[in-house]
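Please look through the structure shown below before reading on. The paragraphs after it go from enclosed spaces to a sheet, a helix and two loop positions.

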Amino acid sequence: MSHHPNQFDLFKTRRFMPLFITQFFGAFNDNLLKNAVVVLINFHGMRLLGLAPELMIQLAAALFILPFFLFSATAGQVCEKYDKAAVARFVKRMEIAIMLVAAVGFWLHNGAILMSTIFMMGVHSTLFGPLKFSVLPQYLRPRELVGGNGLIEMGTFVSIIIGQVAGTVLVNADPQRISIIVALLACALAGLAAARRMPPAPPSAADLPVDWNMARQTWAIIKQAKASRPVWLSLLGISWFWFLGALYLSKLPTFASDVLGGDASVYTLLMTLFSLGVGLGSMLCEKLSGRKVELGLVPFGSLGLCLFGIDLFFATPAHAGGTLTWLAVLGNHAYWRLVADFTLIGVFGGFYIVPLYALVQSRAAPAFRSRAIAANNILNSLFMVVSAAFAAVLAANGVSIPHVLLIAALLNMVVALYIYSLLPEFLMRFLVWIATHTLYRIRHEGLEHIPEEGPCVLVCNHVSFMDALILAGSVRRPIRFVMDHSIFKVPLLNFIFRTARAIPIAPAKEDPHAKQRAFDAVAAALADGEVVCIFPEGKITYDGNISAFKPGIEEIVARTPVPVVPMALCGMWGSFFSRRYGPAMLCWPRRAWSKIALKAAAPLPAAVASAGSLQQEVVQLRGDWR
């Protein structure tokens, strides 16, 4: 059986751990600084230009977001042109300088200085954002990408929680602000020390001229991102998540105080539940996705966001009077459903967002990857601003906070359906993922033999109508299946295989030209570097045995010489979708969630990949387990 190391093993590697620490302390300092300033404004009377506290807090949020609009395009170019580890070290040195300025602001209790440092930390985050996501595909192997993204997301949300809590505690506990100054500088120094340990990450476009015209370059990278439909729709999907996230986070303080009647600890509890939920969902993505970019988790995540967002409205109890504490919330069963909803909204948010980030990283051209992430940051910022305006309009029209959150959940349902109608691949992968994770327990052996890139042909025994779905759900790379045209008549399978661009083939007596069209399509797919799968028996078995392989495979590799990977399905004979008990799918199911296996052997060169040798390999792989 192939060894699948745990995603936490990445913490033992120099190619991940320094990046994680650098990102963790950067996000921590962002939130430590912002929350400390908010507390000074809200509870300690710090003022700027005579503005009211509420306006100052909104100004602080705007100052942090503004650099993402102004400098994201430039940041994307810089990360493309220069070694990303060197850029990280520069950004961390800049952070130390910003924290020295912040130290003066805290010492003097000066609102203008502290507001300027919030803007500068926005610049810091704008520069670091494209770097942290675009460097992951350089540092990590393809099978580590989902796990690495999950850990980065988990670390980010945990650092947000700790930073916000620490900002409140340190400012309130120390009137001289010495502790907050020490904490900010210590974290900045720790970030620089970690960045110095990051391995080299050579530039992906060293000859790229940096266009300093921010407006022109912003439009250029947005336009270039739109050129790839999956990447563009993924960017929109990520930005929609931040629209929802900004709406939830902006309403949480008032939800905790006015709706629940809680004190500040209740707000902190809800923030913690949401953030830990996102972190947990992000980490679980690797387990649920089988260590590959599994787009099927995106609809699964959005479905959870909708359901638990709607349930939150019905789970919110009426204000019982008095002041509620976080211990009272956890100790009273009347609030447990609400606690579960906030946590699960976060968990399903993690399921939703991590595969989208991984898809952008894996499908954006390497020389454009940093700028694609920069385009994402621009869109995220725009959606967050629209979210704030949307919330303000609803508040101005007297819409209650529970109703605002309900509207957000219902809107998410509409937006999700729209995105999946534009890119059916998401929905197709969801159906495949559900089918292969609920009906069977699949053991994988030898799948590392499938090349990570370049063309190849997979050959496999054919036991049931589910065979192609099991392969599609198990193999990391997208597969072009050569399928009997009759399968396209089955309603659900029709949608899945057409969306997966399966290649239909028919017997010569039904359509004399079908075989040639299919072989032409296979040759074109292999010429494009894709993975093609055929079932050389040409039919689903009637007796559980492997029938003679037809010579079509020899014709395919003679025309396009590529490696051929033998594969075997074990344990499918006797399933509802096989013909063991008569016509498939017409008899009563006799088992559920059964153990099966998918095995792969080392690829054979085209020169020796005959029908007979491949059949022998598959028979040996399958063994006696039918």
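The second largest cavity in this predicted model has a volume of about 50 Å³. Around this space stand Phe519, Val522, Ala523, Leu526, Glu555, Ile556, Arg559 and Thr560, which form its lining. Two elements, α19 (514-527) and α20 (552-559), each give two or more residues to that lining, and the greatest contribution, four residues, is made by α19. When the lining of the second largest cavity is sorted by class, five residues are nonpolar, one is polar and two are charged.

How many cavities of 30 Å³ or more does the structure hold? There are five of them, and the largest cavity has a volume of about 70 Å³. Its lining consists of Phe241, Leu244, Gly245, Tyr248, Phe274, Leu305, Ile345, Ala408, Ala409 and Asn412. Here the elements that supply two or more residues are α9 (229-259) and α15 (401-422), with α9 giving the most, namely four residues. The lining of the largest cavity holds eight nonpolar residues and two polar ones, but no charged residues, whereas the lining of the second largest cavity includes two charged residues.

A pocket, unlike a cavity, is open. The second largest pocket encloses about 1000 Å³ of space. It is lined by 39 residues, and those that lie nearest its centre are Ser362, Arg363, Arg476, Arg477 and Pro478. The elements that each give two or more residues to this lining are α13 (336-363), α16 (424-438), α17 (467-474), β3 and α18 (491-499). Among these, α13 provides the largest share, which comes to four residues. By class, the lining of the second largest pocket divides into 20 nonpolar, five polar and 14 charged residues.

The strand β3, which helps to line that pocket, also belongs to an open sheet of seven strands, whose order is β1-β7-β6-β2-β5-β3-β4 and whose pairing is mixed. At the edges of the sheet are β1 (440-445) and β4 (503-505), each of which pairs on one side only. From one strand to the next, the twist averages 25°.

To see how the pairing works in detail, it helps to begin with strand β5 and its two neighbours. Strand β2 (residues 456-460) runs parallel to β5 and is joined to it by four bridges, while strand β3 (residues 479-484) also pairs with β5 in the parallel sense, over three bridges. Which residue of β5 is the bridge partner of Cys456? It is Val531, and Val531 is also the bridge partner in β5 of Ile479. The side chains of β5 (residues 531-534) can be followed in the same way: Val531 and Cys533 point one way from the strand, Val532 and Ile534 point the other way, and all of them are buried. Elsewhere in the sheet, strand β6 (residues 564-570) and strand β7 (residues 594-600) pair in the antiparallel sense over four bridges, and one such link is found where Met567 has Ala600 in β7 as its bridge partner.

Among the helices, α6 (residues 145-173) offers a simple check of geometry. Its 29 residues, at 1.5 Å a residue, should span 42 Å, and the C-alpha atoms at its ends are 41 Å apart, so the value found in the model agrees with the expected one. Helix α6 is also mostly covered, since 21 of its 29 residues are buried.

Two loop positions complete the tour. Ala201 lies in the loop between α7 (178-195) and α8 (214-225). Is Ala201 buried or exposed? Its relative accessible area is 1%, and because buried means under 20%, Ala201 counts as buried. In sequence Ala201 and Cys79 are 122 residues apart, yet in space they are 9.9 Å apart, taken from C-alpha to C-alpha.

Pro551 is found in another loop, between β5 and α20. With a relative accessible area of 55%, Pro551 passes the cut-off of over 50% for an exposed residue, and therefore it is classed as exposed. Pro551 and Ala611 are 60 residues apart in sequence, and their C-alpha atoms are 5.6 Å apart in space.

Technical notes
Residues are numbered from 1 along each chain as its sequence is written. This is a predicted model: local features need pLDDT of at least 70, side-chain atom pairs count only at pLDDT 80 or more; totals for chains, interfaces and linings use all residues. Side-chain values use heavy atoms; hydrogens and water are left out. Buried means under 20% relative accessible area, exposed over 50%, partly exposed in between (1.4 Å probe, protein chains only). Two strands pair if DSSP finds at least two bridges between them. The expected span of a helix is 1.5 Å times one less than its number of residues. On a 1 Å grid over the protein atoms alone, a cavity is a set of points where a 1.4 Å probe fits but cannot get out, and a pocket is an open set with protein on both sides within 12 Å along at least five of seven lines; lining residues have an atom within 4 Å of a point. Grid points are joined across faces, edges and corners, and a volume is the space filled by probe spheres set on the points. Ala, Val, Leu, Ile, Met, Phe, Trp, Tyr, Cys and Pro count as nonpolar, Asp, Glu, Lys and Arg as charged, and the others, Gly among them, as polar. Axes are lines fitted to C-alpha atoms, for helices over the stretch in contact, and angles run from 0 to 180 degrees between N-to-C directions.
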